[in-house]
Amino acid sequence: MDEHETEAIGGYELVAAHYRGKYCGVVWQLEEGGTKKQKIESLEGVSIIEVLELLRDRVSARLLARATSAEGSTPDIDAIASSFRKIAPRLSSAQIQMLKAHYSAPDRRCSATELAAAAGWRTYPPANLHYGKVGWWLYGEHPTVLPRDRATGRFIYTFMLADGVRKENEDWIWTMHPHIAEALRASGVLTLNMAA
């Protein structure tokens, strides 16, 4: 393998690799404890990035089935706090800074541009990507029905963290869910100090 990416999410491991001249991907279903159980999907694409996106779409569909059966249930703060502790080692300093800024904002409401500034970026596209990744990791632990992007049809994972509305200039205003704020406080993530 020349290049590869691996990602664990919601009981699955996604592997995208350049292998024997092709870009390939596999979804493994994991047993308790994280060992590989069985290959449930394989596919090909034109790049590592495309293969990972396709794998995420396939896993999202599987998680959506779980989400639909749990729809309407009350969020369990302790379980979400536990999930934040579980994903904490994956969080970058920028992601932690965005979570802290969002939590501390008046009414826990801020724009994507403000989240970007908290992470040290001048524009919001990197904030959308990295904050959405935090939402993706939580979605893997607590799948729920989410809004989809009109252009791509993919879930907007930031909705795991907050409710959002898009302003005319394409910037989003995000209001953190109360249960996410409580879980963040309980998890200890807000006290993490990461080097930039």
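Pro 178 sits in helix α6 of this predicted model. At 61% relative accessibility, the residue lands in the exposed class, because that class takes in anything over 50%. Sequence distance says little about where Pro 178 ends up: Ile 77 is 101 residues away along the chain, yet the two C-alpha atoms are separated by 9.8 Å.

Helix α6 also turns up in the surroundings of helix α3, as part of what covers the buried residues there. Helix α3 runs over residues 93-104, and its 12 residues should span 16 Å at 1.5 Å a residue; the end C-alpha atoms are 16 Å apart, so expectation and model agree. Most of α3 is covered, with nine of the 12 residues buried. Those buried positions are Ser 93, Ala 94, Gln 95, Ile 96, Met 98, Leu 99, Lys 100, His 102 and Tyr 103. Besides α6 (178-187), the cover includes the helices α4 (112-119) and α5 (125-141), along with the strands β5 (109-111), β6 (162-166) and β7 (172-176).

Of these neighbours, α5 deserves a separate look. The axes of α3 and α5 come within 10 Å and cross at roughly 85 degrees. The two helices are therefore roughly perpendicular to each other, a label that covers angles from 65 to 115 degrees. On the α3 side the contact is made by Gln 95, Met 98, Leu 99 and His 102, while α5 brings in Ala 127, His 130, Tyr 131, Lys 133, Val 134 and Trp 137. Sorted by character, the residues of this contact come out as six nonpolar, three polar and one charged. As for the spacing of such positions, an α-helix has 3.6 residues a turn, so residues three or four places apart point the same way.

Past the end of α3, the loop leading to β5 has some backbone oddities. Asp 107 lies in this loop, and its phi is near 60 degrees, a positive value in a residue other than glycine. Arg 108, also in the loop between α3 and β5, has a positive phi too, near 55 degrees. Their surroundings can be told apart by accessibility: Asp 107 counts as exposed at 63%, whereas Arg 108 is partly exposed, with a relative accessible area of 27%.

The chain then enters an open sheet of three strands, ordered β5-β7-β6 and paired in the antiparallel sense. Strands β5 and β6 stand at the edges with a single partner strand each, so one side of each has no neighbour in the sheet. From one strand to the next, the twist averages 20 degrees. Five bridges join β6 to β7, and among the residues involved, Gly 164 has Trp 174 in β7 as its bridge partner. Helix α4 packs on this sheet, touching β5 and β7, and its direction makes about 85 degrees with that of β5.

Trp 174 also shows up in the contacts of Thr 158, a residue in the loop between α5 and β6. Thr 158 is buried, since its relative accessible area of 5% falls under the 20% limit. Leaving aside neighbours within four places in sequence, Thr 158 touches Asn 128, Tyr 131, Gly 132 and Trp 174.

Finally, there is the hairpin of β1 and β2. Strand β1 (residues 3-9) pairs with strand β2 (residues 12-19) in the antiparallel sense over seven bridges. Glu 5, for one, has Ala 16 in β2 as its bridge partner. Two residues lie between the strands, and Gly 10 in this hairpin takes a positive phi near 50 degrees.

Terms used:
Residues numbered from 1 in each chain as written. Predicted model: local features only at pLDDT ≥ 70, side-chain atom pairs only at ≥ 80, totals over all residues. Heavy atoms only, no water. Helix = DSSP H or I, 4+ residues; strand = E, 2+ residues; numbered from the N terminus. Expected span 1.5 Å × (residues − 1). Buried < 20%, exposed > 50% of the residue type's maximum accessible area, 1.4 Å probe, protein only. Contact = heavy atoms within 4.5 Å. Pairing = 2+ DSSP bridges. Axes fitted to C-alpha atoms, helices over the stretch in contact; angles between N-to-C directions. Parallel < 35°, antiparallel > 145°, perpendicular 65-115°, else oblique. Nonpolar A, V, L, I, M, F, W, Y, C, P; charged D, E, K, R; others polar.
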